[in-house]
Amino acid sequence: MFRNHLTIAWRQIIKRKSYSLLNILGLAIGIASCLLILYFVLYERSYDNFHEKGSNIYRLRLDSYQNGELAYQSATVFPAFAPTLKSDFPEIVESCRIHDAEMVMTNPVSRTKFSERKGYYADPSFLQIFDLPMLSGDPATALSGPDKIILSKAMATKYFGGTDVIGKQVMVKDPDLIQYYEVTGVFENYPANSHLKLDYLVSYETLSKIVAQVWQDTTDATNTSWGWYDFYTYLEFEPGTDVAEVKSKLPAFVDKYINEPRRERGSTTENSIDIMPMQDIHLYSNINQEAEVNGDGKAVSLLLLVAFFILAIAWINYVNLATARSLERSKEVGLRKVLGAERKQLIVQFLTESLLLNFGAFLFALMIVQVALPFFQNAFGFPTTSVLANNPGFVIAAVAAFLTGAVLSGIYPAFVLSGFRPVTVLKGLFKNSAHGIALRKGLIVFQFVTSIALIVGTMIVYKQLQFMRNQNLGVNIEQTLVVPGPDTVLDSLYGGQYKPFKMESLQIPGVNNLTSSAYVPGDEIYWTNGAKWLNPETTSSTIYTQGIDETFLEAYDLGLVAGRNFSKERGEDDRACLLNKKAASLLGFPSPEEAIGEKVQRGGDTLTVAGITNDFHHLGLQKAIDPIIFLYRPEARSYYSMKIEAGQNMQAIIAAVQQNWNRHFPDDPFSYFFLDEFFNRQYQADMLFGKVFTFFALLAIFVASLGLFGLSSYDVLQRTKEIGIRKVLGATTTGLVGLLSKDFLKLIVVALAIASPIAWYFMDKWLADFAYRINIGWWVFALAGVLSVSVAFITVSLQSVKAALANPIKSLRSE
């Protein structure tokens with residue numbers, strides 16, 4: 001029997017080729033769009049899921065409050081937390097700390113050297129908590145003791161040409177000492193879907209040794225400090241631990257070790273801590289000092305919703321077109337019933353047709369996905385790795401989309417068509433029911449509510465991204481070539497090497513300025529201190545510290561609102577400071593002018609305020625402007641910023657700078673970046689979301705238009721004789737087009753009225769995450785309405801004009 005149903009279904013598909021093609025195309029695009037979005041969503045949600053103990057691993061977060069107000073939240077915390085928490089909480093199986101370990105690394109034999117940025121000093125317990133498959137070396141001892149390092153497979157190959165490197169050494173040179181690290185292990189390349197990018201790990205005791213030698217530290221600060229918050233700290237809990245109960249105990253823990261001792265010293269700064277599941281970090285953590293630029297959980301969820309709506313639009317197309325054909329198939333149903341067919345047999349027949357059409361669309365969709373994947377990889381950064389290809393969640397979702405579509409899109413038409421009364425249809429008295437027409441209209445409205453909401457969302461996302469990229473930052477980052485400073489030069493020798501480097505660089509044609517600084521815009525400032533105006537009525541506040549030379553303000557077009565800039569001619573400027581307006585206000589100064597000459601205590605130093613700068617965006621517009629204090633540090637060497645004259649040969653300038661660099665800093669690898677590109681990487685997740693959202697919004701509108709095209713075609717077909725009569729009676733082509741279009745256009749207007757508040761609500765929630773955002777104007781909805789009506793009118797007119805221009809004699813000949 002099923003074979004018979006299948007044969008009849010195939011004949012129906014072949015018989016109505018245009019109808020079948022329209023359905024298959026719409027369903028295929030809908031399914032393919034859904035699958036491509038799922039690729040992205042599943043990858044974003046797969047971060048850190050490869051760890052066997054991943055569900056039991058949490059990261060600490062530090063919150064700092066000043067005078068009762070939240071000052072900042074940080075992904076890094078004090079190093080004393082890890083051992084103390086493990087000691088005080090029996091639920092914690094293990095804890096570990098990691099600290100950035102940026103360095104210039106050299107193979108002492110081949111002299112191969114690179115500047116490395118993706119590594120950490122790590123506790124030995126890191127290898128017990130995290131899954132780091134070791135190709136060689138003993139995980140139990142690889143990070144035990146000082147001067148030990150383990151390398152990724154790629155790193156080992158880069159420095160030694162292979163992975164047989166146990167016992168070999170790498171040389172690490174910094175301004176204060178030269179160290180040789182023993183390679184004690186090689187691990188498999190760390191997966192890309194992790195909130196940490198990991199090329200190497202250095203033993204934690206190495207950091208303790210460096211701090212003791214270089215800083216002359218005798219307090220074991222890397223283990224006991226309750227004030228140095230540069231350490232990512234992870235906790236592994238016993239399986240089944242009530243994490244909410246653990247959280248409830250954390251305030252008392254923090255009070256005991258941090259807040260109560262501070263209160264005794266008269267401090268108004270207090271801390272709290274929280275714990276976040278490691279698997280949530282990538283999508284739901286965007287606080288200070290994140291290890292990498294994270295994703296956006298809200299955006300990923302919104303894209304998942306878009307995937308569902310595109311699929312729903314495609315399913316609705318099938319339902320509408322199938323039920324619109326009810327007049328055409330009514331006599332077929334009547335004859336089948338007269339010949340003895342039962343309703344359940346007819347239902348199975350129509351469901352088989354739906355299954356066959358959906359299966360064809362599903363196969364076509366898989367082909368589209370296969371062809372589109374390389375394009376998505378290049379255009380949107382979509383991953384095409386085996387992580388997704390072997391993801392059972394993707395396979396289950398794909399099959400579920402096919403089966404759900406086949407059943408949901410087929411079940412209503414099957415019940416409607418199988419329910420026709422044979423006497424009525426065979427006498428020619430059957431008409432489309434008011435209920436069926438109303439349902440089709442409702443489904444069209446739903447399709448265009450979704451489409452209009454996506455149009456509105458696309459325009460708002462585009463405007464917000466343009467706003468962030470084009471907003472005046474308060475500093476000029478254009479035409480800026482940035483060279484990370486040397487890591488290996490001794491402080492006593494640095495001046496003798498930097499001065500000729502700067503002088504010779506400024507002689508390169510096209511280089512207009514060169515300034516050195518501790519940070520550049522877009523590089524998060526980790527250098528923070530408590531600061532206060534030396535006024536009995538003020539309290540200390542956390543402030544961000546930037547070290548600059550006397551040319552920084554000029555190079556970055558950062559204006560002064562009061563006072564003066566630093567000057568190398570003034571010997572006392574090492575005891576002076578500049579504040580931005582936000583910092584001056586935070587410290588309590590009534591006005592910028594009244595701050596000049598006043599004393600500010602920063603840490604243990606007393607500084608004189610020499611000038612107040614304009615506020616500027618050091619980080620992206622997702623975050624508020626930070627209070628910044630500038631110190632005169634001409635020896636700052638983290639970055640050299642060079643202003644390049646527009647229209648110059650940039651590659652020639654870079655080559656000349658590199659030659660100059662190699663003469664003066666031969667032990668340091670040369671690297672560079674363009675500041676505008678570096679700054680805009682903060683918008684990476686938002687820009688990716690914008691591109692993906694826009695692309696699939698356009699696809700949704702296209703699929704909805706396909707359905708409207710099909711419905712208008714059947715509407716015109718059913719009204720062929722009416723059109724002929726109207727033409728004979730003198731109706732114009734314009735009048736007929738308007739007559740055939742108005743019913744559909746009314747539905748679009750209704751959809752606009754419903755979609756507008758829905759789109760406003762969701763997009764306002766999305767914009768709420770930005771410290772600086774656009775306002776949603778009425779024109780967005782007006783433009784979305786005009787675009788929707790235009791698309792609908794053009795779609796319907798394709799058939800209306802054709803029918804209006806047809807010879808009425810042909811349509812009336814049968815009468």
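This note goes through the overall fold, one pocket and one residue of a predicted model.

1. The chain has 815 residues, of which 52% count as buried, and its secondary structure comprises 27 helices and 24 strands. Among contacts in the chain with a separation of 6 or more, 80% are made by residues that stand 24 or more positions apart.

2. As for its surface, the chain exposes about 35700 Å², and 58% of that area is supplied by carbon and sulfur atoms.

3. The second largest pocket holds about 570 Å³ of space. It is lined by 25 residues, and those closest to its centre are Gly 227, Arg 262, Thr 528, Asn 529 and Gly 530. Two or more lining residues come from each of the strands β1 (57–66), β13 (269–277), β16 (528–533) and β17 (541–548), and β16 gives the most, with 5 residues. By residue class, the lining of this second largest pocket divides into 14 polar, 7 nonpolar and 4 charged residues.

4. Where does Thr 206 lie? Thr 206 belongs to helix α6, which covers residues 204–214. Thr 206 counts as buried because its relative accessible area is 0%, and the cut-off for a buried residue is under 20%. Leaving aside residues up to four places away in sequence, Thr 206 touches Tyr 121, Gly 145, Pro 146, Asp 147, Lys 148, Gln 179 and Tyr 181.

Definitions and conventions
Residues numbered from 1 in each chain as written. Predicted model: local features only at pLDDT ≥ 70, side-chain atom pairs only at ≥ 80, totals over all residues. Heavy atoms only, no water. Helix = DSSP H or I, 4+ residues; strand = E, 2+ residues; numbered from the N terminus. Buried < 20%, exposed > 50% of the residue type's maximum accessible area, 1.4 Å probe, protein only. Contact = heavy atoms within 4.5 Å. Areas by Shrake-Rupley, 256 points an atom, 1.4 Å probe, with all protein chains shown as cover. 1 Å grid on protein atoms, 1.4 Å probe; cavity = no way out; pocket = protein on both sides within 12 Å on 5 of 7 lines; lining within 4 Å. Points joined across faces, edges and corners; volume = space filled by probe spheres on them. Nonpolar A, V, L, I, M, F, W, Y, C, P; charged D, E, K, R; others polar.
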